[in-house]
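I opened this entry to record what I looked up in the structure. The notes run from one sheet to the chain as a whole.

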Amino acid sequence: GPRTQRSEGAVTAAGLLPERYAEQARGERAAHFDAAGGRIRFSANTPDAVLNAGAQDRLSASLQLGGMMAAAPPRYPAGSTIVLPTAGVRDTEPWRWDVLPDETLQIDDQDVPCTKLVRQPRREYDSRVELWLARTHAYLPARLRTTLSNGDTVDQRLAALPAR
């Protein structure tokens, strides 16, 4: 059935600062980022978690990764790994993103060089996540493909390039 995700927060000099992340399928569940208290509170009756520096929610992670790449491209060559603390609505854990060689995507009938990042499954029923960031467009997320443990795939693609 339908699923909605929503992230609210602020943009700071250090990047995105999530304040609330919510997912809605049958009902809504949320994670609340309490910067002052240094914790993440979950509405799913799970224990609070420590709010690590730079932590993101599952929705803001791709934008934060794009911002990190845009700020210092040489810091993330192919073969490197980016660790980003990432929260869902029940827990938080470090997501490890492997930086792969560039790939070219077709968007608006144009070849767009992209940095490709992959997060491998961590557990038996976890998902594989692939992210393409458009180098020539400030590392804007151009494609996000999630492959579930059962093989089902959700593939989101940028429909049009932003005007320059």
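I count two strands as paired if DSSP finds at least two bridges between them. The model is predicted.

**Entry 1: a strand pair.** I looked up strand β3, residues 28-34, and strand β4, residues 39-42; they pair in the antiparallel sense over 4 bridges. I then asked which residue in β4 is the bridge partner of Ala31. The partner is Phe42.

**Entry 2: the sheet around this pair.** I traced an open sheet of 5 strands, in the order β1-β2-β3-β4-β5, with antiparallel pairing. I noted β1 (4-12) and β5 (49-50) as the edge strands, each of which pairs on one side only.

**Entry 3: the whole chain.** I found 1 helix and 12 strands in the protein chain. Along the sequence I read the pattern β-β-β-β-β-β-α-β-β-β-β-β-β. I compared the radius of gyration, 16 Å, with the 15 Å that the globule rule gives for 164 residues; the two are close, so the protein chain is as compact as a globular protein of that length. Along the principal axes, I recorded a box of roughly 45 × 35 × 30 Å for the C-alpha atoms.

**Entry 4: contacts and burial.** I looked at contacts with a separation of 6 or more and found that residues 24 or more positions apart account for 34% of them. I noted that 37% of the 164 residues count as buried.

**Entry 5: surface and charge.** I recorded an exposed area of about 9,500 Å² for the protein chain, with 49% of it supplied by carbon and sulfur atoms. How far apart are the mean positions of the positive and negative charges? For the 21 positive and 20 negative charges, I noted 2 Å.

Conventions
Residues are numbered from 1 along each chain as its sequence is written. This is a predicted model: local features need pLDDT of at least 70, side-chain atom pairs count only at pLDDT 80 or more; totals for chains, interfaces and linings use all residues. Side-chain values use heavy atoms; hydrogens and water are left out. Helices (H or I, at least four residues) and strands (E, at least two) are DSSP runs, numbered from the N terminus. The radius of gyration is taken over C-alpha atoms; the globule rule is 2.2 Å times the number of residues to the power 0.38. Buried means under 20% relative accessible area, exposed over 50%, partly exposed in between (1.4 Å probe, protein chains only). Contact means heavy atoms within 4.5 Å. Accessible areas come from the Shrake-Rupley method with a 1.4 Å probe; for residues, only the protein chains shown count as cover. Lys and Arg count as positive and Asp and Glu as negative; His and the chain ends are not counted. The place of a charge is taken as NZ of Lys, CZ of Arg, CG of Asp or CD of Glu.
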